[in-house]
Amino acid sequence: MRVLLMSTPSPLEENPLPPLSLAYLAAVLRQEGLEVEVVDHLVSMYSPSKLRKKLREFKPQMVGATCVTLNYPIASRIMKVCKEFDPHIITMLGGPHATFAIEETLLKARWIDLLVVGEGERTVTELARAIDSGGDFRRVPGIAYRDGDHAVRTEPRPLIEDLNELPLPARDLLPLSKYRALNTPSTVITSRGCPFKCIFCSGPRVFGRRVRFRDPKLVVDEIEHLNKDLSLSRINIVDDTFTLNHRHARAVCEGIIERKLDIEWNVFARADTVDSDLLKLMKKAGCSWLLYGAESGNAGILKTIKKGTTPDIIREGTRLATESGIHVFNSFIFGLPGETPQTARESLDFAHELDEKYGAKYGFHILSPLPGTELYDHPEEYGLRILSRDWAKYDANRPITETAEMSPEKVLEMAVEYA
């Protein structure tokens with residue numbers, strides 16, 4: 001059985017990261033004795049002719065790609081090339097867009113045979129076994145497929161309870177030399193899941209609200225492998241919130257320190273989940289940057305989007321991190337529910353304040369309500385109007401929504417001022 005996995009090109013990717021999800025999928029498939037190759041279109045120019053050449057050479061029976069909403073149109077076109085090349089190839093898509101836009105994807109893009117819904121490692125493995133043995137893949141939990149003019153979803157697959165069962169990602173199948181040339185960090189997870197309820201995020205519906213943690217020793221083993229065996233000196237820990245569980249975070253930091261690993265790393269965090277002791281330990285272990293999802297400088301908007309923080313909490317978290325020697329990047333969103341020209345101004349002023357006081361860098365995106373989020377499912381409850389379902393426009397750089405007081409033109413005006 002031969003399986004070809006592909007990352008999907010991103011029209012905006014200036015600093016691509018190695019596709020960790022594909023490396024995990026490849027690792028579990030290879031563990032099952034299947035032949036797997038990965039084509040990484042994040043750092044390799046995609047063209048239909050190059051893809052057809054790969055299909056001729058490798059002759060896969062199953063082809064899969066992962067995508068987000070923004071690059072779904074490209075992923076769909078890639079699957080169409082595969083299906084036209086050989087109608088017998090099983091084509092599949094995974095990732096958050098495939099998980100939450102099931103009917104539209106299957107009924108409009110009939111060259112896509114099935115969707116992997118949610119966490120993919122066990123589902124893809126079982127799919128490959130079923131297809132290889134001539135079985136009925138439609139009985140596999142955790143997928144969606146087309147039956148005539150209907151999209152059918154099989155029973156949900158339980159999340160992987162013990163992440164320690166997963167093999168190390170198959171990074172040897174990725175073009176690491178290209179990432180080294182770009183001085184790109186490698187990516188590592190120490191946990192999956194997020195307990196928070198932000199209305200613009202679909203993460204908890206993919207990986208669950210109960211956070212599952214990897215054994216810190218195995219995490220440090222992996223970091224040591226990256227550092228010493230692959231000569232990588234920078235990593236991004238891409239957990240939703242690395243600082244959520246201090247005992248776990250401390251164990252990872254202490255392991256890095258004990259092994260004297262010469263590694264620089266960055267994390268995603270929340271300002272309400274840090275304290276001075278943890279941050280100082282993270283700095284000692286090599287943490288260089290952390291990113292806070294500040295979202296807005298207006299307390300009312302933060303409450304509306306169920307962020308669970310306040311400007312004062314963000315201010316304090318920024319102070320603690322920078323005083324510990326860790327750089328901070330605060331991320332904001334224009335156009336959230338309740339946004340007005342005044343609240344947008346508050347966010348700009350707040351970002352400037354944190355930069356002037358603490359040297360915290362910042363960035364602004366424009367709201368894109370993604371499928372799978374509460375905001376996408378119920379925009380009217382938040383006084384929001386979604387203006388487009390053209391997925392290519394969901395790039396967080398152009399307005400596709402409006403509130404009562406923030407037209408697309410006004411959002412762009414504020415964004416231009418930021419830029």
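Helix α2 (residues 48-58) lies across β1 (2-7), β2 and β3 (62-66) and runs at about 160 degrees to β1, where helices (H or I, at least four residues) and strands (E, at least two) are DSSP runs numbered from the N terminus, and where angles run from 0 to 180 degrees between N-to-C directions of lines fitted to C-alpha atoms, for helices over the stretch in contact. Helix α3 (residues 72-85) packs on the sheet as well, touching β1, β3 and β4 (90-94), and its direction makes about 170 degrees with that of β4; contact here means heavy atoms within 4.5 Å. The model is a predicted one, in which local features need pLDDT of at least 70 and side-chain atom pairs count only at pLDDT 80 or more, whereas totals for chains, interfaces and linings use all residues. Residues are numbered from 1 along each chain as its sequence is written, and side-chain values use heavy atoms, with hydrogens and water left out.

The sheet beneath these helices is open and mixed in its pairing, with 7 strands in the order β2-β1-β3-β4-β5-β6-β7; two strands are taken to pair if DSSP finds at least two bridges between them. Its edge strands are β2 (35-40) and β7 (150-153), each of which pairs on one side only, and the twist from one strand to the next averages 25 degrees. Strand β6 (residues 143-147) is joined to β7 by 4 bridges in the antiparallel sense, and Tyr 145 has Val 152 of β7 as its bridge partner.

A further open sheet, of 6 strands, follows the order β8-β11-β12-β13-β14-β15 with parallel pairing, and its edge strands are β8 (186-188) and β15, each pairing on one side only. Within this sheet, 5 bridges link β12 (residues 264-269) and β13 (residues 287-295) in the parallel sense, with Asn 266 standing opposite Trp 289 in β13. Helix α9 (residues 216-229) packs on the sheet by touching β8 and β11 (234-237), its direction making about 170 degrees with that of β8.

Helix α14 (residues 341-358) has 18 residues. Its buried residues (under 20% relative accessible area, with a 1.4 Å probe and protein chains only) are Thr 343, Ala 344, Ser 347, Leu 348, Phe 350, Ala 351 and Leu 354. These residues cover an arc of only 155 degrees around the axis, taken from the directions from the helix axis to the C-beta atoms, and therefore lie on the same side of α14. Their cover includes α12 (299-304), α13 (311-323), β14 (327-334), β15 (361-366) and α16 (408-418), while on the other side Glu 356 and Lys 357 are exposed, that is, over 50%.

Definitions and conventions. Expected span 1.5 Å × (residues − 1).
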